[in-house]
Amino acid sequence: MTMSAGWYLRRLSRMGPREVGGRVGDAVRRRRWRSAPPDGPVVTGARFTAVLPAGTIAAVPPDAVKRLLAEADRLMAGHAEYFGVHRDDLADPDWWYDPKTGRRAPAGYAFDVPYRSEDAVGDIKQIWEPSRHQYLTVLAAAYAVTGDDRYAERVAGHLRSWWAANPPLHGVHWISGIELGIRLLSWVWIRRLLDGWPGAAALFEDNPVALRQIWHHQRWLAAFPSRGSSANNHVIAEAAGQVAAACAFGWFPSSARWRADALRSLQRHLSANTFASGLNRELATEYHGLVLELGLAAVAEADTAGVPVPASVRLVLLRMTDALAAVVDSRLRPPRQGDADDGHGLVVDGAGTDRWASLLATGEAVFGRLAWWPDVNGTDVRTPLLAALIKPGGLSVTRPENRPAHFADAGMTILRGPGEIWCRCDGGPHGFLSIAAHAHADALSVEVRHDGVDVLADPGTYCYHGQPEWRQYFRSTLGHNTLRLDGADQSVSGGPFLWTRQARSRVLAVDTSDAEVARWCAEHDGYRPCVHRRRVELSAAGQEVRVVDEVRGPRRAVQLAFHLGPAIAAHLVGSRAALTWTRDGEDRSAVLDLPGQLSWRAHRGETDPPLGWYSAGFGRKEPATTLVGTGFTDGRQGFTTVLGFRG
């Protein structure tokens, strides 16, 4: 995908004067840096002191070690999977190669590489992901728990290969600040986890090539921060990586300045990216997880270096942790809201480790759990490592006495019922900042799960670049459990990460105090002059979710969509769908009674146009049933849908 002149004009229209000025300065700096970059300062006598406290590795649970080593051995054999694409070439990777398209990114000055063009570069996510070096942190962790030199030698070989293939400002890996920030964080942890290996110092602090790479990464981040309408999770990754490197690799004349500036940026943007309730302002749950991981990792580095961390940073991370504990379902799965690209801040665990359980375990170790928190039964490698570095306590704040159900600032409400019924209702802002880059056109959408199984599902994200028809579908109004008028989205897209007009939602009523019936009501103005209002009731006695949609305004063509999870089989007759699935070997069922005023049809795995799909993770999709009712609005009565669970 290449961006048109119209896109640039639309993008410019979402910037303020300060951001425009900053970007002009960036452009001038890029032109100036095109000449041969400096070698950086000469460093002598550097020593790495940010080591793990004695006994930390011994505290890692045995089953977490087992998963870690299984993953490490798979990596040693050259096997990995990125975004649904299996790779068997990681024993000796080509750092610029995309196995999905078979293309290789072009060489040249970094800022000349057309990374948004899949035709010219390939799938940029496939190229960038291995170069975050998070698979190398896994191998380094395997060395730390075993002392097996094979893991350390593979890490060293790959770092030397990467450094040789990617000199400063050359090629595709010097374009995006989030990539540089996460890569720096990985390098810090690689050096820490390899500390017992005799070759660690020669690989890092005694290696002029490594020193040059670390210095140039930090110089880049100091020069090109994400600005204005782009200051979302990217700026958090940039600041966290800079904090980590400036603390652990504080060997350069600019280290103190970089560290102080990055801590100020982290403090400012972590607060700006987070609602007071603790939920992430992008309203994209996976970015909540990414930002929380990055923030915890940055605090760990500062605490290890004895660098004071503003209390507000710890407070935001505490609130984010409590908010996560509040919104997860009975299986510790959070909402599937907004964009998701499987991004992680720090990876030291093997496959099968639950990300959200790991974050809650870390939160418990660092902040302490509350009585209403869900139980966390899984184990992980990362929690004991971070907990050994982060100073506990130090915050005197009031935390929720009971499990929050309604987050007014984020417009998210979680209704809970018997039989582990979980229902998310969305009545919040469209997204974050003027472009709302990671938002979907999903106002008033609902998700319903039963014992952790997606029944009415948010279909997910699937892709960002290169497949515009799929990008459009997965973030469209029709791609969510809500109502569409006249075949148009509630909000207007100006590009794959740009919304030029955003629907405004407001929650009108919430009542979760009644043990028998929980209620929610909200409306949005995305179809002006029409207003879409939705009421949701979860009945404990009847084990049912009732959804009533009203459209106030002129007569309009309407489509009402309900997306079923991939585990759900549906038999549609008229306006009634019988739903069946299996959970832990037990057959489950429900009945979905749909509005009789509409004509209903089941869609599954359709491609022209896309309809009836579910994406469990970035780059992966599978057919799933979507029920779509078509007809016309009728101001005299609403459209009533009832989902009733059996047994």
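The buried residues of helix 7 pack against helix 3, helix 6 (134-146), helix 8 (177-193), helix 9 (200-203) and helix 10 (208-223). The model used in these exercises is predicted.

**Exercise 1. Helix 7**

Describe helix 7: its span, its buried residues and its N-terminal cap.

*Solution.*

Step 1. Find the length. Helix 7 covers residues 149-165, which makes 17 residues.

Step 2. Check the span. From first C-alpha to last, helix 7 reaches 24 Å, close to the 24 Å expected at 1.5 Å a residue.

Step 3. List the buried residues. They are Tyr151, Ala152, Arg154, Val155, Ala156, His158, Leu159, Trp162 and Trp163. Buried means under 20% relative accessible area.

Step 4. Look at the N-terminal end. Asp148 caps helix 7 there. One of its side-chain oxygens lies 3.0 Å from the backbone nitrogen of Arg150.

**Exercise 2. Helix 10**

Work out how far helix 10 is enclosed, and name what covers its buried residues.

*Solution.*

Step 1. Start with the span. Helix 10 has 16 residues and reaches 22 Å between its first and last C-alpha, close to the expected 22 Å.

Step 2. Count the buried residues. Twelve of the 16 are buried, so helix 10 is largely enclosed by the rest of the structure.

Step 3. Name some of them. Among the buried residues are Trp215, His216, His217, Arg219 and Trp220.

Step 4. Identify the cover. It includes helix 2, helix 7, helix 8, helix 9, helix 11 (233-248) and helix 12 (255-272).

Step 5. Find the cap. Asn207 caps the N-terminal end of helix 10, with a side-chain oxygen 3.0 Å from the backbone nitrogen of Val209.

**Exercise 3. A loop residue**

Is Ala36 buried or exposed? Place it in the chain, then give its distance to Leu169.

*Solution.*

Step 1. Locate the residue. Ala36 sits in the loop between helix 2 (17-33) and helix 3 (62-76).

Step 2. Read the accessibility. Ala36 has 71% relative accessibility. Exposed means over 50%. Ala36 therefore counts as exposed.

Step 3. Compare sequence with space. Ala36 and Leu169 are 133 residues apart in sequence. Their C-alpha atoms are 9.2 Å apart in space.

**Exercise 4. The eight-stranded sheet**

Which strands stand at the edges of the open sheet of eight strands? Then examine how strands 11 and 12, and strands 14 and 25, pair.

*Solution.*

Step 1. Write the order. It is 11-12-13-14-25-18-17-16, with antiparallel pairing.

Step 2. Find the edges. Strand 11 (505-511) and strand 16 (569-573) each have a single partner strand, so one side of each is left without a neighbour in the sheet.

Step 3. Add the twist. It averages 15 degrees from one strand to the next.

Step 4. Recall the rule. Strands of a sheet pair through backbone hydrogen bonds, either parallel or antiparallel.

Step 5. Take strand 11 and strand 12 (residues 517-524). They pair antiparallel over six bridges. A hairpin through five residues joins them. Arg506 has Glu523 in strand 12 as its bridge partner.

Step 6. Take strand 14 (residues 544-552) and strand 25 (residues 639-646). Six bridges join this antiparallel pair. Asp549 has Phe639 in strand 25 as its bridge partner.

**Exercise 5. Salt bridges**

How many salt bridges does the structure hold? Examine three of them, then name the members of one network.

*Solution.*

Step 1. Give the total. The structure holds 52 salt bridges. Each needs a side-chain nitrogen of Lys or Arg within 4 Å of a carboxyl oxygen of Asp or Glu.

Step 2. Examine Asp195 and Arg191. Their side chains meet at 3.0 Å, N to O. Asp195 is partly exposed at 33% relative accessibility. Arg191 is buried, with a relative accessible area of 4%.

Step 3. Examine Arg333 and Asp454. This salt bridge also has an N to O distance of 3.0 Å. The pair links distant parts of the chain, 121 residues apart. Arg333 lies in the loop between helix 14 (311-327) and helix 15 (355-367), and Asp454 in strand 7 (residues 453-456). Arg333 is partly exposed at 24%, while Asp454 is buried at 7%.

Step 4. Examine Glu364 and Arg369. The closest N and O atoms of this salt bridge are 3.7 Å apart. Glu364 is partly exposed at 33%. Arg369 is partly exposed at 31%.

Step 5. Name the network. Salt bridges that share partners join Asp329, Arg333, Arg424, Glu447, Arg449, Asp454 and Asp458.

How values were computed
Residues numbered from 1 in each chain as written. Predicted model: local features only at pLDDT ≥ 70, side-chain atom pairs only at ≥ 80, totals over all residues. Heavy atoms only, no water. Helix = DSSP H or I, 4+ residues; strand = E, 2+ residues; numbered from the N terminus. Buried < 20%, exposed > 50% of the residue type's maximum accessible area, 1.4 Å probe, protein only. Expected span 1.5 Å × (residues − 1). Contact = heavy atoms within 4.5 Å. Polar contact = N/O pair within 3.5 Å; in protein donor to acceptor, adjacent residues only side chain to side chain. Pairing = 2+ DSSP bridges. Axes fitted to C-alpha atoms, helices over the stretch in contact; angles between N-to-C directions.
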